Amino acid sequence: CDNCKTSHQAISHRVKSITMSNWTMDEVNELTDQRCGGNSAALHIWLQNSPPIGQRYPGGCRPKPGDSIDIFKKFILDCYEHGKFKS
């Protein structure tokens with residue numbers, strides 16, 4: 001979603017569009033399950049211990065559609081920079 005993309009970019013995470021970006025085969029291959037990439041890997045590694053969407057956790061809330069960009073940014077920081085929900 002746009003809020004997630006914007007939140008990742010705000011802390012200098014690389015974000016590419018599936019339809020609007022050019023991808024090299026090396027980049028595509030990095031997202032395969034064999035290389036521990038892609039959404040399923042992210043869910044297992046980074047979001048393993050996160051609360052359900054829309055639920056609070058100590059210090060924040062996992063964003064849901066319609067939440068402010070600040071809630072998305074806080075969650076992205078907690079998740080990917082601080083490893084708060086990492087397996």
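Student: How do the residues lining the largest pocket divide into nonpolar, polar and charged?

Tutor: Happy to start there, and do keep in mind that this is a predicted model. The lining of the largest pocket includes 5 polar residues and 10 charged ones. The remaining group in that lining is the nonpolar one, with 20.

Student: How much space lies in the largest pocket, and which residues are closest to its centre?

Tutor: The space in this pocket comes to about 1,400 Å³. Its lining is made up of 35 residues. Of these, the closest to the centre are His-8, Val-15, Asn-39, Ala-42 and Tyr-80.

Student: Which element gives the most to the lining of the largest pocket?

Tutor: Let's look at the candidates. The elements that give two or more residues to the lining are α1 (2-10), α2 (25-30), α3 (38-45) and α4 (69-81). With 6 residues, the one that gives the most is α3.

Student: In what order do the elements of the protein chain run?

Tutor: The chain has 4 helices and 2 strands to place. Reading from the N terminus on, the order is α-α-α-β-β-α.

Student: Is α1 parallel, perpendicular or oblique to α4?

Tutor: Two values describe this pair: the axes of α1 and α4 come within 9 Å, and they cross at roughly 55°. Because angles of 65 to 115 degrees count as roughly perpendicular and those under 35 degrees as roughly parallel, this crossing fits neither group. So α1 is, relative to α4, oblique.

Student: Which residues of α4 does α1 meet?

Tutor: On the α1 side, the contact is made by Asn-3, Cys-4, Thr-6, Ser-7, His-8 and Ala-10. The residues of this contact divide into 6 nonpolar, 4 polar and 1 charged. On the α4 side, the partners are Ile-69, Phe-72, Lys-73, Ile-76 and Tyr-80.

Student: What box do the C-alpha atoms of the protein chain fill?

Tutor: Here the box is taken along the principal axes. The C-alpha atoms fill one of roughly 40 × 25 × 20 Å.

Definitions and conventions
Residues numbered from 1 in each chain as written. Predicted model: local features only at pLDDT ≥ 70, side-chain atom pairs only at ≥ 80, totals over all residues. Heavy atoms only, no water. 1 Å grid on protein atoms, 1.4 Å probe; cavity = no way out; pocket = protein on both sides within 12 Å on 5 of 7 lines; lining within 4 Å. Points joined across faces, edges and corners; volume = space filled by probe spheres on them. Nonpolar A, V, L, I, M, F, W, Y, C, P; charged D, E, K, R; others polar. Axes fitted to C-alpha atoms, helices over the stretch in contact; angles between N-to-C directions. Parallel < 35°, antiparallel > 145°, perpendicular 65-115°, else oblique. Contact = heavy atoms within 4.5 Å.
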